[in-house]
Amino acid sequence: VDAQQARRVLDRLVGYSISPLLWAKIKKGLSAGRVQSIALNLIIQREQEIKAFKPEEYWTLDAQFKKDKAKFDASFYGLDGKKAELKNNEEVQNVLAKLDTKKPFTVSSVTKKERKRMPQPPFTTSTLQQTANNTLKFKTQKTMMVAQQLYEGISLGRGGAVGLITYMRTDSTRISSVAKHEASTFIHEEYGEEYAALKPRKTKLSEGAQDAHEAIRPSSVMRTPKSIEKYLTKDQMKLYSLIWSRFVASQMTPAIVDTMRVDLTQNGVTYRANGSKLKFDGFTKVYAESKRKDNILPDLKEADEVLMVKNQPNQHFTLPPARYTEASLIKTLEENGVGRPSTYAPTLNVIQKRYYVKLAARKFEPTELGEIVDKMIQECFPDILNVDFTANLEGQLDEIEEGKQEWVSIIDEFYQPFSDEVKELHESLVREN
């Protein structure tokens with residue numbers, strides 16, 4: 001309770017102190033806040049990186065080989081057994097000069113492995129927002145609105161409204177033992193014993209997680225998306241299916257993939273082919289993160305000979321870092337320990353509402369107004385934009401929660417220097433006017 005109180009006081013001190021200064025210096029109706037100022041600053045920093053970016057040239061050599069009638073793809077790997085990069089056309093021509101395409105390549109090494117792909121834990125607020133943005137193209141605010149509807153309850157015919165998911169503002173991946181047991185029973189009955197995890201995996205809590213609520217999951221796994229589809233809107237169905245399948249998958253066995261890596265060599269030039277084949281689908285039977293295609297190589301052994309069918313040099317240029325999407329910005333804020341699950345949706349909403357940023361092709365671009373606001377906060381309140389300072393502050397708030405710190409002293413420690421900065425800025429504005 002004290003930690004929550006401190007967080008609210010802190011956010012009001014920052015917002016209510018800086019916003020009037022923005023009105024005086026820039027224009028009425030603007031706002032600044034602890035988390036929104038950092039979110040805006042991250043977007044502007046990324047834009048500056050994009051503008052300062054200088055592309056670098058590099059080349060790839062993609063080839064097709066055949067053994068008997070089977071054809072497969074491989075790419076240039078290196079020279080004399082060492083990995084090499086091709087930076088320009090001259091280096092490409094040097095490699096091509098070494099090759100005799102009429103002569104066979106020798107299989108110099110074959111590496112076969114069995115790889116396990118583990119299921120991801122059930123959703124937290126942050127991972128739900130990111131995944132819904134990436135896969136369903138939902139804006140963060142929409143995700144939270146639809147999740148709220150599912151949590152509050154949907155009428156499933158007779159018997160009134162039923163809450164379909166657990167509380168949707170959480171930073172924990174913890175699951176109750178009752179839900180684990182129900183999921184295990186369902187998986188055994190629906191998919192078979194080999195799909196049910198013998199021991200549900202324990203997931204590690206992220207640093208600073210409050211763990212007040214368990215992960216986001218269906219209130220009953222027996223309510224499959226198909227069985228309640230007729231009672232849900234299209235958006236509710238999409239989000240419920242995502243939450244249901246991610247939770248069920250988290251209680252299932254890993255997927256097993258057979259991988260094969262083959263190196264093909266001629267005159268010191270090595271090409272590499274990578275193949276994979278799904279051996280056991282495991283959790284992907286329920287929750288496939290992406291459409292995965294097998295890439296099956298022919299049965300090759302060391303010292304086998306294969307012929308090159310074609311060889312295609314391609315010129316490329318390195319690309320600047322991508323602008324933030326809602327998903328990637330939330331991920332960055334979370335990784336830096338800035339904000340809490342409940343703050344991400346309103347934060348992203350307010351920086352768009354104030355027209356500090358705009359969404360173009362689902363990516364954030366700063367506006368001129370956003371840059372002016374960011375510059376002023378940077379000049380007058382550098383600590384507010386310091387990610388380490390803010391993350392450290394979050395750490396102190398967590399210590400209040402654990403009873404290690406007293407909330408009034410933490411606020412006082414922050415407020416004394418901050419209020420001096422605000423006072424000084426007020427006085428300079430008065431002098432200017």
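**Group meeting: helix contacts, salt bridges and a few single residues**

Let me begin with proline 321, which sits in the loop between strand E9 and helix H9, the helix that covers residues 326–335. I should say at once that we are looking at a predicted model, and that every value I quote is computed from it. With a relative accessibility of 29%, proline 321 falls into the partly exposed class. If we set aside residues up to four places away in sequence, proline 321 touches Arg46, Glu49, Ile50 and Phe53. Asparagine 349, by comparison, is 28 residues from proline 321 along the chain, and the C-alpha atoms of the two are separated by 23 Å.

Now to the helix contacts, of which I would like to show two. In one of them, helix H1, residues 2–25, meets helix H13, residues 387–401, with the two axes coming within 7 Å and crossing at roughly 145 degrees. On the H1 side the contact is made by Asp2, Ala3, Ala6, Arg7 and Leu10, and on the H13 side by Leu393, Glu394, Leu397, Asp398, Ile400 and Glu401. Sorted by class, this contact of H1 with H13 has six nonpolar and five charged residues, and no polar ones.

The other pair is helix H4, residues 125–136, and helix H5, residues 140–152, whose axes are 9 Å apart and which pack at an angle of about 115 degrees. The crossing of H4 past H5 is right-handed. Here Thr125, Leu128, Gln129 and Ala132 of H4 meet Thr140, Thr143 and Met144 of H5. By class, the contact of H4 with H5 has four polar and three nonpolar residues, and no charged ones.

Next, the salt bridges, for which the count comes to 12. As general background, side chains of opposite charge can pair when their charged atoms come close.

Aspartate 299 and lysine 112 are one such pair, their side chains meeting with an N to O distance of 3.8 Å. This pair links distant parts of the chain, since aspartate 299 is in the loop between strand E8 (269–280) and strand E9 (305–317), while lysine 112 is in strand E4 (residues 105–117), 187 residues apart. Both aspartate 299 and lysine 112 are exposed.

A further salt bridge joins lysine 279 to glutamate 114, and there the closest N and O atoms are 2.7 Å apart. This pair also links distant parts of the chain, with lysine 279 in strand E8 and glutamate 114 in strand E4, 165 residues apart. What are the exposure classes of these two partners? Lysine 279 has a relative accessible area of 52% and is therefore exposed, the cut-off being over 50%, whereas glutamate 114, with 48%, is partly exposed.

Lysine 285 and aspartate 281 give another salt bridge, at 3.9 Å from N to O, and lysine 285 is partly exposed, with a relative accessible area of 44%. Salt bridges that share partners also join Glu47, Arg323 and Glu365 into one network.

I would now like to turn to the loop between strand E10 (357–360) and strand E11 (363–366), where alanine 361 is found. Most residues other than glycine have a negative phi. Alanine 361, however, has a positive phi, near 55 degrees, and arginine 362, likewise not a glycine, has a positive phi of about 65 degrees. Arginine 362 is also placed in the loop between E10 and E11. As for accessibility, alanine 361 is exposed at 70%, while arginine 362 is partly exposed at 34%.

I will finish with two residues in helices. Serine 419 belongs to helix H14, residues 407–432. Is serine 419 buried or exposed? Its relative accessibility is 18%, so serine 419 counts as buried, given that the class requires under 20%. A polar atom of the serine 419 side chain lies 3.0 Å from the backbone oxygen of glutamine 416.

Glutamine 378, in helix H11, residues 368–380, is partly exposed at 41% relative accessibility. Apart from its neighbours within four places in sequence, glutamine 378 is in contact with Asn41 and Leu385. Between glutamine 378 and arginine 340, which are 38 residues apart in sequence, the C-alpha to C-alpha distance is 23 Å.

Note on methods. Residues numbered from 1 in each chain as written. Predicted model: local features only at pLDDT ≥ 70, side-chain atom pairs only at ≥ 80, totals over all residues. Heavy atoms only, no water. Axes fitted to C-alpha atoms, helices over the stretch in contact; angles between N-to-C directions. Helix = DSSP H or I, 4+ residues; strand = E, 2+ residues; numbered from the N terminus. Contact = heavy atoms within 4.5 Å. Nonpolar A, V, L, I, M, F, W, Y, C, P; charged D, E, K, R; others polar. Salt bridge = Lys/Arg side-chain N within 4 Å of Asp/Glu carboxyl O. Buried < 20%, exposed > 50% of the residue type's maximum accessible area, 1.4 Å probe, protein only. Polar contact = N/O pair within 3.5 Å; in protein donor to acceptor, adjacent residues only side chain to side chain. Left-handed = near helix turned anticlockwise from the far one by under 90°.
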